[in-house]
Structure formats: C-alpha cells, structure tokens
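The following paragraphs offer a guided reading of one protein model. Please keep the sequence and the structure in view while reading.

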Amino acid sequence: MHNWEVLRNDLRHLSAATLVVALVLVGVTSAVGAPPMDKNFYLPNAAASKIVSVSQTGTPEAEVIIVTEAVAVKETGPKETVAKFGEVYAWSPTFIAVRREMPTMLTFWNLQPDDEHDFMLAAPEGTVMMHLKLEPLTKTSYIFTFHKDGIFNFYCAVHQPEMNGQILVLPPTSPK
C-alpha cells in the first residue's frame with residue numbers, strides 16, 4: 001500500500017474524532033471570525049486566512065459544484081433504512097483536488113426542500129476554520145484560495161457521521 005493510501009485510511013478512522021474536536025472548537029472560534037449576521041456561522045478569521053482565504057468576490061480560476069444528496073429520507077424511504085439509521089445524506093463529490101494559490105469557486109447546492117445543511121472546513125491538524133449555513137433549496141458560492149498543502153476535511157455537522165469529504169491541496173503547477 002502506498003503512503004498516500006495509508007494516510008487516507010488513517011484519516012477515515014480519525015474523521016469521527018476530528019469531528020468531535022471540530023464541534024468543540026466551533027464554540028471557541030466562532031466568536032472570533034463570526035460575520036455580524038450570526039455568530040454560529042463564520043468565515044476564516046485572520047489566523048485561519050493564512051491557511052485558506054475565502055471570499056464571495058473575485059475571479060476564480062476553477063469551479064467545483066458540491067451538491068447535497070439524499071441517500072435515504074423519510075419521504076422516499078426505504079422505510080427500513082430510515083427506521084434503522086435515520087435520514088442519510090451525502091456530499092457529491094466527497095473528494096476534491098485543488099492547487100495551492102489557485103482561486104477556486106466552490107458552489108454548494110442544497111437540493112433538499114426541507115432540510116438545512118452546513119459546511120465546516122477543518123485544517124489538516126483538525127482546527128475548524130469556517131462554518132457556513134446552507135439553507136434548503138439554495139446555491140451558495142465562495143472563492144477558496146488555499147495557502148497550505150494538505151488534506152482538509154469538510155463536514156455537515158448536522159448529518160454525521162456520513163456527510164463528510166476531503167479537499168486535497170496540491171502544490172502549484174510548475175511554470176512551463
């Protein structure tokens with residue numbers, strides 16, 4: 001098994017633990033980086049912006065659309081699955097690769113008419129850097145510019161443990 005595969009398998013096992021740390025840190029970091037409208041949702045503060053800059057304006061060099069998917073919901077079943085596991089949602093895609101210093105627009109489509117989701121982004125060491133609210137039937141876009149290589153986990157804190165994913169930040173392409 002390659003080192004990358006070992007690391008990825010290790011991260012899958014740590015996702016639940018990382019989420020617990022992330023949920024604890026939401027209360028600590030939200031007061032620092034919160035937008036005025038709601039202290040529970042915020043963009044990266046000054047310290048986190050050294051790792052990733054996030055803006056609603058600018059000129060992206062790439063775009064990724066991330067949709068919420070209803071895997072099993074009360075309205076459409078299967079009833080046995082919903083009874084045993086509750087409603088199950090997922091992100092699509094769950095894995096994204098971007099280049100460091102390349103402005104990339106992430107557009108979140110919450111396709112559910114009656115379910116709110118959120119988006120939490122954690123740094124490679126597990127610190128939560130941002131937390132967005134994704135209202136039902138909305139598109140929300142932000143331009144992300146990562147300034148550090150590594151694997152960044154993202155979550156919907158409302159629908160854990162299944163609704164999570166990873167952003168792999170690669171070094172910039174070498175000039176030709």
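The protein chain contains two helices and 10 strands. This is a predicted model, and the values discussed here are computed from it. Read from the N terminus, the elements follow the order α-β-β-α-β-β-β-β-β-β-β-β. The chain has 176 residues, of which 41% count as buried. Its exposed surface amounts to about 9,500 Å², and carbon and sulfur atoms supply 60% of that area. Among the contacts in the chain with a separation of 6 or more, 69% are between residues 24 or more positions apart.

A suitable place to begin is a sheet. Five strands form an open sheet in the order β4-β10-β9-β6-β7, and their pairing is mixed. The edges are formed by β4, residues 95-99, and β7, residues 128-134, each of which pairs on one side only. On average, neighbouring strands of this sheet are turned by 20° against each other, direction ignored. Within the sheet order, β9 stands beside β6. Strand β6 covers residues 117-122 and strand β9 covers residues 150-155; the two run antiparallel and are joined by three bridges. Leu-121, for instance, has Phe-154 in β9 as its bridge partner.

The next topic is the charged side chains. How many salt bridges does the structure hold? The number is four. One of them joins Asp-149 to Arg-100, with the closest N and O atoms 2.5 Å apart. Asp-149 lies in the loop between β8 (138-146) and β9, whereas Arg-100 lies in the loop between β4 and β5 (104-110), so this pair ties together parts that are 49 residues apart in sequence. Because a residue counts as partly exposed when its relative accessible area lies between the limits of 20% and 50%, both partners fall into that class: Asp-149 has a value of 31%, and Arg-100 has a value of 24%.

Another salt bridge brings together the side chains of Glu-125 and Lys-148, at 3.7 Å from N to O. Glu-125 is found in the loop between β6 and β7, and Lys-148 in the loop between β8 and β9; the pair therefore ties together parts that are 23 residues apart in sequence. Lys-148 is partly exposed, at 33% relative accessibility.

Salt bridges may also share residues. The side chains of Lys-133 and Glu-135 meet in a salt bridge with an N to O distance of 3.4 Å, and these two residues are linked with Glu-116 in a network of salt bridges. Lys-133 is partly exposed, with a relative accessible area of 32%. Glu-135 is likewise partly exposed, at 34% relative accessibility.

The last stop is Thr-107, a residue in strand β5. Is Thr-107 buried or exposed? Its relative accessible area is 4%, and since buried means under 20%, Thr-107 counts as buried. Which residues does Thr-107 touch, not counting residues up to four places away in sequence? They are Glu-63, Val-64, Ile-65, Ile-66, Thr-140 and Ser-141. With Ser-141 there is also a polar contact, made between the two side chains at 2.8 Å. Thr-107 thus offers an example of a buried residue whose side chain makes a polar contact.

Terms used: Residues are numbered from 1 along each chain as its sequence is written. This is a predicted model: local features need pLDDT of at least 70, side-chain atom pairs count only at pLDDT 80 or more; totals for chains, interfaces and linings use all residues. Side-chain values use heavy atoms; hydrogens and water are left out. Two strands pair if DSSP finds at least two bridges between them. Helices (H or I, at least four residues) and strands (E, at least two) are DSSP runs, numbered from the N terminus. Axes are lines fitted to C-alpha atoms, for helices over the stretch in contact, and angles run from 0 to 180 degrees between N-to-C directions. Buried means under 20% relative accessible area, exposed over 50%, partly exposed in between (1.4 Å probe, protein chains only). Contact means heavy atoms within 4.5 Å. Accessible areas come from the Shrake-Rupley method with a 1.4 Å probe; for residues, only the protein chains shown count as cover. A polar contact is a pair of N or O atoms within 3.5 Å; within protein, one must be able to donate a hydrogen and the other to accept it, and residues adjacent in sequence count only if both atoms are side-chain atoms.
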